[in-house]
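Colleague: I should like to learn how the ligand site, the pockets and the backbone of a model are read. May we take them in turn?

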Amino acid sequence: MDIPKTHPRYESLLLREKITDCLKEGIISETGIAAHGRGEAFDYFLGEKTTREADKAIKAAAELLCKAKNPVVSVNGNIACLVPKEVVELSEIVPLKIEINLFYRTYEREIKIKKRLEKYGARNILGVGNNANESIPGLDSLRGKVSREGIFSSDVVIVPLEDGDRALALKKMGKRVIAIDLNPLSRTSLCSDITIVDNVIRAMPKLIEEIKKFKEKRIEENLEFENRENLKKSIKIMKKNLSNWEVKFSQR
Ligand code: PTJ
């Protein structure tokens, strides 16, 4: 359907179209649609823009990625759908490995996601078929199947948009976890070392920019970052936006 550009929710509707197209193609799981909807709601509360807190988390994430020895980006259906180009760019500039890791894992979906990423220039994608040859201890879901040379032996993992069972298990393995999650209350957000409370659509290009800047500076920086404090501030922003709307409505 042609969405009129004048529609007040044009951008958001375009994203929904992308998501439904990816569902039809078998990239996104059916529950990925529900995950997207939950994200939309939190984005609304956030004001649909990158906050100062998210910017701070992005800078800290850029530094952690640049200093990592074996960083990996974990890709699920929603990420392959929404930001495939950015995933590939990230893998080139850090550089880092791309690993497909799915909750609703089927070989068919792995291949479809792999092909989509390759269309954007990705090479050596891990986590497909027999390459998912290791298990994350204590994780019963299929997300526990990981690649030995990827997530299993990584020191830093970036997990954009997922639920918290794996993030916690990765922490227990001693890894540093970077999450991108619009929900500051999710288990992933709470247990990660750095949570970027922002939409992946906005956060990924900004993360790439910050990595470029960090590399250009070539100086030792040790940014201080307190995840819980940052999360609290993101919640405060949401609360403030909600109260501002409440005031606006009572003035009508
Ligand atoms: O592709 P698969 O099989 O691995 O399945 C992946 C899904 C997404 C279905 C699975 O990880 C899942 O169920 O996730 P949850 O529990 O719904 O969590 C997704 C989180 O991402 C929620 O906290 C959402 O608020 C958040 N989220 C959704 N869309 C975005 C987002 N965060 C950032 N940017 C978004 N665009």
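Colleague: Which residues come nearest to the ligand?

Modeller: This is a predicted model. The usual start is the shell of residues around the ligand, which here counts 25 residues. Those that come nearest are F103, Y104, R109, D163 and N199.

Colleague: What is the make-up of that shell by class?

Modeller: The shell around the ligand has ten polar, eight nonpolar and seven charged residues.

Colleague: Which element gives the most to the shell around the ligand?

Modeller: That element is α2, with five residues. Both α2, spanning 30–46, and α4, spanning 77–82, supply at least two residues of the shell.

Colleague: How should polar contacts to the ligand be read? For instance, which atom of the ligand lies 3.1 Å from an N or O atom in the side chain of R143?

Modeller: The cut-off to keep in mind is a pair of N or O atoms within 3.5 Å. The side chain of R143 places an N or O atom 3.1 Å from an oxygen atom of the ligand. A nitrogen atom of the ligand has a polar side-chain atom of N199 at 2.8 Å. With L182 the backbone takes part: one of its N or O atoms lies 3.1 Å from a nitrogen atom of the ligand. As for cover, the ligand has 740 Å² of accessible area on its own, and the protein covers 95% of this.

Colleague: Where does the ligand sit with regard to the pockets?

Modeller: The ligand sits in the largest pocket. The volume of this pocket is about 1100 Å³, and 49 residues line it. Nearest its centre lie A35, H36, G39, N78 and L161. Two or more lining residues come from each of α1 (10–25), α2, α4, α8 (187–191) and α9 (200–217). The largest share of the lining, ten residues, is that of α2. By class, this lining has 17 nonpolar, 17 charged and 15 polar residues.

Colleague: What volume has the second largest pocket, and which residues line it?

Modeller: The second largest pocket has a volume of about 200 Å³. Its lining consists of A60, E63, L64, K67, R176, D193, I194, N222, L223, F225 and N227. In this lining α3 has the largest share, with four residues. The classes are five nonpolar, four charged and two polar residues.

Colleague: Turning to enclosed space, how many cavities of 30 Å³ or more does a search of the whole structure find?

Modeller: The search finds one. The largest cavity holds about 30 Å³ of space. Its lining residues are S74, V75, N76, N101, V159, P160, L161, E162 and R166. The elements that give two or more residues to this lining are β1 (71–75) and β5 (156–160). Four of the lining residues are nonpolar, three polar and two charged.

Colleague: What is the general expectation for phi and for peptide bonds?

Modeller: Phi is negative in most residues other than glycine, and most peptide bonds are trans. In this structure, V94 and P95 are joined by a cis peptide bond with omega of about -10°. P95 is placed in the loop between α5 (84–93) and β2 (97–100).

Colleague: What is the value of phi at E48, and where is this residue placed?

Modeller: E48 has a positive phi, near 50°, although it is a residue other than glycine. Its place is in the loop between α2 and α3, the latter spanning 52–67.

Terms used: Residues numbered from 1 in each chain as written. Predicted model: local features only at pLDDT ≥ 70, side-chain atom pairs only at ≥ 80, totals over all residues. Heavy atoms only, no water. Near = heavy atom within 4 Å. Polar contact = N/O pair within 3.5 Å; in protein donor to acceptor, adjacent residues only side chain to side chain. Areas by Shrake-Rupley, 256 points an atom, 1.4 Å probe, with all protein chains shown as cover. 1 Å grid on protein atoms, 1.4 Å probe; cavity = no way out; pocket = protein on both sides within 12 Å on 5 of 7 lines; lining within 4 Å. Sits in = over half its atoms within 2 Å of the grid points. Nonpolar A, V, L, I, M, F, W, Y, C, P; charged D, E, K, R; others polar. Points joined across faces, edges and corners; volume = space filled by probe spheres on them.
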